[in-house]
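Thank you all for coming; I would like to take a few minutes to walk through one model with you. Please have a look at the sequence and the structure first, and then we can go through the side-chain pairs, the surface and the interior in turn.

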Amino acid sequence: MTDLKALQYTCMIVMIMLAFFATTSHFFVVRKNRQYEQSRLMIVAALLILAIHYLLQMTFKFREQGDDVGALSNILFYAPAAILFSCSQLNIQLNGKKRKKHIMMGLIGYCLILTTAVCGVAYYNSLHIGPFIYLVNTFNTAIMFYYVWMPYNEIRKIKAKLDDELGNPAEVYSKTMRIGSFLIYIFAIISPLFILSTKLLFIFGPIGLIIISFFVVSFTALGFNNNITEIIDEMGEEKNATKDNEEMLEPRIESIEESIRKWKEAAGYRDQNLTLATMTRRIMVNKNDFTNYLNNKYEQTFRVWLSDVRTEEAKRMMIENPDYSNKLISIECGFSSRVYFQRMFKEKTGLTPSEWKKKRNL
């Protein structure tokens with residue numbers, strides 16, 4: 001059992017180091033995002049729960065009392081840690097009632113696990129709870145599947161939104177969020193299979209350390225990408241602005257339109273990393289006012305409106321400079337790539353840039 005204690009000790013140290021890394025990285029993020037920082041706290045809490053778990057495993061030697069006792073201990077700590085890891089992703093992607101709903105589902109699921117475990121201990125007057133361990137593991141498996149599917153589904157939706165409205169930067173989102181999340185979710189799904197066997201723990205334990213480390217590092221990397229975190233933040237702001245959509249006075253509308261006109265004249269749309277926050281800072285308009293303006297006048301989000309602006313500019317440029325290549329036009333108009341420009345142009349006009357020019361004899 002010396003090897004088992006060494007594995008548990010290693011796991012505890014790695015969890016503490018990752019928690020320290022995730023915590024201290026907060027101080028190096030230039031532009032803070034509230035939802036992201038909440039998710040960071042969830043991840044740190046999950047890591048500390050795991051660290052405490054390994055400490056208790058070494059202290060009370062649960063695994064040495066039998067695979068069933070060790071598995072029970074694992075489930076009681078792995079389940080809340082997995083819920084926190086999953087909720088850290090859902091917290092970024094969802095707002096309001098949906099987020100609360102998923103947190104509530106986790107609490108209900110964990111209460112079922114605890115209740116079953118307590119009933120088993122009371123019935124057998126021992127940590128060896130017989131067939132109750134399989135029922136506990138069944139609830140644990142159900143929680144794992146639920147908290148794997150929901151974030152995956154939401155990440156898929158938000159990636160599609162970013163693809164539609166932004167282009168290449170969504171690839172950064174994909175790498176920092178989807179890969180790390182995918183690995184830890186796969187590990188969570190198979191965890192109910194190997195926690196019942198000490199021998200399998202020696203195989204999957206080190207793999208789990210690598211996966212969790214990659215997940216924490218990839219999540220931390222997301223925090224340093226101001227463009228992506230601002231986009232995630234602005235999605236929430238736009239949802240709230242839509243709910244609280246207020247009619248604007250004509251003088252205020254005229255003031256905003258004048259600011260936009262000057263911004264267009266300065267070719268502000270060329271900035272490929274433009275976000276709602278940077279846009280409103282440059283034209284010196286309040287974010288809520290600007291979002292309400294877009295909702296009232298165009299019934300569009302900032303991203304859709306911006307792609308319309310860039311597409312119209314591309315049309316103007318193709319008329320004035322028919323010899324310009326698609327690559328050059330995509331750069332001059334702020335599209336993130338030639339391929340994205342062509343895709344967006346066809347979505348907006350129903351024609352490719354070449355077909356559009358040919359139709360106008362350019």
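Let me begin in helix α14, residues 338-349, where Arg-343 and Glu-347 sit four residues apart and are therefore separated by about one helical turn. These two residues form a salt bridge, with the closest N and O atoms 3.5 Å apart. I should say straight away that this is a predicted model, and that the distances I quote are computed from it. Both partners are partly exposed, Arg-343 with a relative accessible area of 33% and Glu-347 with one of 49%.

As a general reminder, side chains of opposite charge can pair when their charged atoms come close. How many salt bridges does the structure hold? The count is 13, and I would like to go through two more of them with you.

One is in helix α9, residues 250-265, where Glu-258 and Arg-261 lie three residues apart, again about one turn of the helix. Their side chains meet in a salt bridge at 2.5 Å, N to O. Glu-258 counts as partly exposed at 33% relative accessibility, and Arg-261 likewise counts as partly exposed, at 37%. This pair also belongs to something wider, since Glu-258, Arg-261 and Glu-265 are linked in a network of salt bridges. While we are at Arg-261, let me add a through-space distance: Arg-261 and Ile-283 are 22 residues apart in sequence, and their C-alpha atoms are 9.6 Å apart in space.

The other salt bridge joins the side chains of Asp-271 and Arg-282, at 2.8 Å, N to O. Which parts of the chain does this pair tie together? Asp-271 lies in the loop between α9 and α10, whereas Arg-282 lies in helix α10 itself, residues 276-283, so the salt bridge connects parts that are eleven residues apart in sequence. Asp-271 is partly exposed at 22% relative accessibility; the cut-off for buried is under 20%, so I would call this residue partly exposed with that threshold in mind. Arg-282, for its part, is partly exposed at 47%.

Let me turn from charges to aromatic rings. A search of the whole structure finds 20 aromatic pairs. One aromatic cluster is formed by Trp-263, Tyr-269, Phe-290, Tyr-293, Tyr-298, Phe-302 and Trp-305, and you may like to pick out these residues on the screen.

On the surface, there is a nonpolar patch made up of Ile-103, Met-104, Met-105, Leu-107, Ile-108 and Leu-112, which together have about 520 Å² of accessible area. Taking Leu-107 as one of its members, we find this residue in helix α4, residues 96-124, and partly exposed, with a relative accessible area of 49%.

Next, the cysteines, since somebody usually asks. A disulfide is, in general terms, a covalent bond between the sulfur atoms of two cysteines. How many disulfides does a search of the whole structure find? The search finds zero. Among the cysteines, Cys-87 is buried, with a relative accessible area of 7%, while Cys-111 counts as partly exposed at 46%.

For an example from the interior, consider Ser-330, which is found in helix α13, residues 326-333. Is Ser-330 buried or exposed? With a relative accessible area of 2%, Ser-330 is buried. If we leave aside its neighbours within four places in sequence, Ser-330 is in contact with Phe-335, Ser-337, Arg-338 and Phe-341.

Finally, let me step back to the chain as a whole. The protein chain has 15 helices and zero strands, and of its 362 residues, 50% count as buried. Among contacts with a separation of 6 or more, residues 24 or more positions apart account for 75%. The accessible surface of the chain comes to about 18,000 Å², and 62% of that surface belongs to carbon and sulfur atoms.

That brings me to the end, and I am happy to go back to any of these residues on the screen.

Conventions. Residues are numbered from 1 along each chain as its sequence is written. This is a predicted model: local features need pLDDT of at least 70, side-chain atom pairs count only at pLDDT 80 or more; totals for chains, interfaces and linings use all residues. Side-chain values use heavy atoms; hydrogens and water are left out. Rings of Phe, Tyr and Trp (its six-membered ring) pair if their centres lie within 6.5 Å; planes under 30 degrees apart count as stacked, over 60 as edge-to-face and the rest as tilted. Patches are made of residues with over 30% relative accessible area and no salt bridge: like charges are joined within 9 Å, nonpolar side chains (Val, Leu, Ile, Met, Phe, Trp, Tyr) within 5 Å. Accessible areas come from the Shrake-Rupley method with a 1.4 Å probe; for residues, only the protein chains shown count as cover. A salt bridge is a side-chain nitrogen of Lys or Arg within 4 Å of a carboxyl oxygen of Asp or Glu. Helices (H or I, at least four residues) and strands (E, at least two) are DSSP runs, numbered from the N terminus. Buried means under 20% relative accessible area, exposed over 50%, partly exposed in between (1.4 Å probe, protein chains only). A disulfide is a pair of cysteine sulfur atoms within 2.5 Å. Contact means heavy atoms within 4.5 Å.
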